[in-house]
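Here is a quick tour of one protein chain, with a look at its make-up, its charged pairs and a pocket. Have the model open while you read.

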Amino acid sequence: MKVVIAGAGAVGSSIARELLANGHEVLLVDTKPEVVARSGLRGVKWLMGDACELTVLQEAHLETAEVLVAATGDDKVNLVVSLLAKSEFGVGRTVARVNNPKNDWLFDEAWGVDVAVSTPRIMTALVEEAVETGDLVRLLTLKSGQTTLVEFTVPAGHWADGRRLGSVSWPEDISVVSIIRDTRPITPSDDDVMEAGDELFFLATEEAESRLRDVLVPEDERQARGQRESLSQRETRG
């Protein structure tokens, strides 16, 4: 996935670092050349210029990006960049940083903002969620450092589509805390039937998170994995 990040300060660099670690293509746009050395980032692409200028965004080939992250320390810049990304380049998803809570009401679709947040970790998760329907996305780690909030969007054709929550053998130390369906939050119960497009939110220990990821593997991928393991075992015996 190609992600363009406007603003290479602490927030933008933090998002870029995690996205790079997860295998995404990242282009950072900033007005200050000195941020390149200061960031310590490897594998990121750089473009020096004002992201509020159309020519700079054209040079960034913003129309080829799946996601635009407006992560500067200036709310006005973040709004303008989001609006240009959406209206001029048709970027599918814009994630914008809100610096001043008093400006929160401005960060909406009228300004081209799909999601407005302030925490870098949540921004990263929301960026990845744009193309990772069907994958488990960690949204945040709670203060204890041992419990995480994770999200899973049920893809069409997934084994969970049409299943009751209570019929699934969820791993220990996992709790389904909410379902969002058509922007409406639902308090989950064992009788609730999951549907394609549902966003499932779980609280999990870090150890249980990996087990939950295994449970949520699509059936075709599970079968393919089993076939590969079976073939490997036969080759080992042979």
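Is D114 buried, partly exposed or exposed? At 36% relative accessibility, D114 counts as partly exposed, where buried means under 20% relative accessible area, exposed over 50% and partly exposed in between (1.4 Å probe, protein chains only).

Before going further, a word on the ground rules: this is a predicted model, where local features need pLDDT of at least 70 and side-chain atom pairs count only at pLDDT 80 or more, while totals for chains, interfaces and linings use all residues. Residues are numbered from 1 along each chain as its sequence is written, and side-chain values use heavy atoms, with hydrogens and water left out.

On the whole chain, there are 7 helices and 11 strands, taken as DSSP runs (helices H or I, at least four residues; strands E, at least two) and numbered from the N terminus. Of the 238 residues, 42% are buried.

Now back to the charges. Side chains of opposite charge can pair when their charged atoms come close. The whole structure has 7 salt bridges, each a side-chain nitrogen of Lys or Arg within 4 Å of a carboxyl oxygen of Asp or Glu. Three of the pairs look like this:

| Pair | Closest N and O atoms |
|---|---|
| K45 and E25 | 3.1 Å |
| K76 and D74 | 3.6 Å |
| D114 and K86 | 2.7 Å |

The D114 and K86 pair links distant parts of the chain: D114 sits in the loop between β5 (93-97) and β6 (115-117), and K86 in helix α4 (residues 75-89), 28 residues apart. K86 is partly exposed too, at 27% relative accessibility. As for K76, its 60% relative accessibility makes it exposed, while its partner D74 is partly exposed at 29%.

Strand β2 (residues 25-30) is home to L27, which is buried at 9% relative accessibility. L27 lies 24 residues from V3 in sequence, with the C-alpha atoms 6.3 Å apart. Beyond its neighbours within four places in sequence, L27 is in contact (heavy atoms within 4.5 Å) with residues including V3, I5, K45 and W46.

Finally, the largest pocket has a volume of about 190 Å³, the volume being the space filled by probe spheres set on grid points joined across faces, edges and corners. A pocket here is an open set of points on a 1 Å grid over the protein atoms alone, where a 1.4 Å probe fits, with protein on both sides within 12 Å along at least five of seven lines; lining residues have an atom within 4 Å of a point. Of the 15 lining residues, G7, D30, T31, T72 and V77 are the closest to the centre of the largest pocket.
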